[in-house]
Amino acid sequence: MCRQVFGFRLAMIVVSAPAALLNAAPGLGARLVGAAVVVTFMVSYVLFRDWERFGPLLLRHPSLLAADTLLGSFLLVSAGPDTTLAYVSVCTPLLAGLVYSWRGAACFASLQSLILLLVHATLKADRHAPVAEALLLPGLCVIAGAMGSTLRNLMLRFGSATQALTTVQARLAAAEAVSAERARLAREMHDSVAKTLYGVALAADGLAATASADAPDPARVRQQAELVSRSARRAAAESRELLTDLRRDQPEGTAWNPFWDELDRQALAFTDRTGLRVTCHRPRADPAPLPSAVARHVLSIAAEALENAHRHASATHVDVRAAVDGRLLTLTIHDDGTGLPPGTTLEKLRTSGHFGLLGMVERAAQAGARIRVGRGAHDRGTEVRLDIPLPTPTPPPPDPRA
C-alpha cells in the first residue's frame with residue numbers, strides 16, 4: 001500500500017514539476033525549487049522501487065517524512081495550490097496513517113494542513129477566496145490521515161487473522177498426519193503380526209490338545225511344537241520388518257519393478273501354506289512399473305483378499321487376473337466361496353472388530369485406486385476389483401552422442 005502511494009506521488013511530482021520551475025523566482029528561488037524537485041522525486045522513486053529495503057528506515061525515523069514534507073512545501077509555494085502538486089500534499093497524511101498509526105496521521109495532517117493554509121493565505125492575499133476553497137485541501141488531509149490509520153488497523157487485523165488461520169491449519173494438518181499414521185500402523189499390524197499371532201495361538205491350542213491326550217504321539221507333538229516355533233519366529237520377523245519400514249526413508253515415487261513377480265510368489269506361497277489353489281493371469285507384456293508405495297498397498301490388498309477367501313468364504317479356488325486398458329490397470333481377485341453376508345457394511349465390520357475389509361478400502365484410497373467388493377459378474381463367491389491408474393512413462397534422456 002505504501003509503495004502504491006509513493007508511485008502516485010512520483011507521478012504527481014513529474015506532472016507538476018514544470019509548473020513549479022517556471023513559476024520559481026530566478027536565482028536562489030529557482031535553485032531551491034530545482035533541489036526540491038530532485039530530492040522529492042528521488043525519495044519517491046527509491047521508496048517506490050525498494051520499499052522492502054528503505055521502508056524500515058522510514059518507519060524508524062518519522063523526521064525523514066517531516067523533511068520531505070518541508071521540501072514539498074517549496075514546490076507547493078512555487079507551483080501553487082491549484083496544481084496537481086496539491087495531491088502530493090494529501091498523500092503525506094495518508095502515508096503517516098499507514099506507517100505511524102493514528103498519532104502520526106494526526107501530527108502530519110495538522111502539519112500539512114497548516115502548510116496548505118499558509119500557502120493559500122500567502123498566494124491569494126490579494127483577493128478574497130471563499131472559506132470552503134481554503135479549507136478544502138486541509139480537510140482532505142485530515143480525511144486522508146484517518147483513512148491511512150483505518151487501513152493500517154484493518155491490514156494488521158487481517159494479518160493477525162491470517163496468522164491464526166495458518167496456525168489452525170498447521171495443527172489440523174498435524175492431527176490428520178497423526179490420524180493417518182495410526183490408521184497405517186493399524187493396517188500393517190492387522191495384515192502381518194496380528195494374523196501370525198493368531199496362527200501361533202491356534203497352533204499352541206493344537207499342541208496343548210495333543211499333549212493332554214492319554215497316549216500322546218511324540219511325532220505329532222514334535223510337529224506341532226515346530227509349527228509353534230516357526231510361527232513365533234515369523235511373528236518376530238514381521239515385527240522387525242514393520243519396524244524397519246517405519247524407519248525407512250524411501251522416496252514415494254520410486255518404481256518397484258518386481259511387482260508382478262512378487263504377486264506370483266505371493267500366490268504360490270499362499271497355496272503352499274493353505275492348500276487353497278490360486279491361479280494368476282497377468283498381461284503378456286508388463287505395464288509400466290508401479291511406484292513402491294502403490295505396489296505395497298496393492299500386494300497387501302491381494303494378500304487380505306486371499307486370507308478372507310481361505311478363512312471366511314470356505315473357497316476351493318481363487319482366480320487372480322490383471323488387465324491393462326490404456327493407462328488403467330485392473331486387478332480382480334475372485335473366489336468361489338460363500339460370498340459376503342447380506343447387509344455387510346464397513347461400519348458393521350468396524351463395530352464387530354473385523355478390520356480386514358476396512359483396511360483394504362483405506363489402502364486403495366492411499367494408492368489412488370478404486371476398489372469394489374461384491375459378486376461382480378459371477379453367480380457366487382466374492383470379487384475384489386481394483387482399478388489402478390498407471391503412471392505416465394517418462395521419456396528416456398536424449399543420447400548426448402546422437
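Helix H9, made of residues 292-311, lies across strands S2, S4, S5, S6 and S7. Its direction runs at about 175° to that of S7. The model described here is predicted.

The strands under discussion belong to one sheet. This sheet is open and has 5 strands, in the order S2-S4-S5-S7-S6, with mixed pairing. Its edge strands are S2 and S6, the latter covering residues 370-374, and each of these pairs on one side only. On average, neighbouring strands of the sheet are turned by 10° against each other, with direction ignored.

At the S6 edge, the neighbour is strand S7, residues 382-389. S6 and S7 run antiparallel and are joined by 5 bridges. As for individual residues, Gly374 has Glu383 in S7 as its bridge partner.

A further helix, H8, also packs on the sheet, where it touches S2, S4 and S5 (328-335). The direction of H8 makes about 165° with that of S2.

The structure also contains enclosed space: it holds 3 cavities of 30 Å³ or more. The second largest cavity has about 40 Å³ of space. Which elements supply at least two residues each to the lining of this second largest cavity? They are helix H8 (259-274), strand S2 (277-281) and strand S4 (317-325). Among the lining residues are Trp260, Leu263 and Asp264, along with Cys280 and His281, and also Val320, Arg321 and Ala322. Arg282 and Leu331 line this cavity as well. By character, the lining of the second largest cavity divides into 6 nonpolar, 1 polar and 3 charged residues.

Definitions and conventions:
Residues numbered from 1 in each chain as written. Predicted model: local features only at pLDDT ≥ 70, side-chain atom pairs only at ≥ 80, totals over all residues. Heavy atoms only, no water. 1 Å grid on protein atoms, 1.4 Å probe; cavity = no way out; pocket = protein on both sides within 12 Å on 5 of 7 lines; lining within 4 Å. Points joined across faces, edges and corners; volume = space filled by probe spheres on them. Helix = DSSP H or I, 4+ residues; strand = E, 2+ residues; numbered from the N terminus. Nonpolar A, V, L, I, M, F, W, Y, C, P; charged D, E, K, R; others polar. Pairing = 2+ DSSP bridges. Axes fitted to C-alpha atoms, helices over the stretch in contact; angles between N-to-C directions. Contact = heavy atoms within 4.5 Å.
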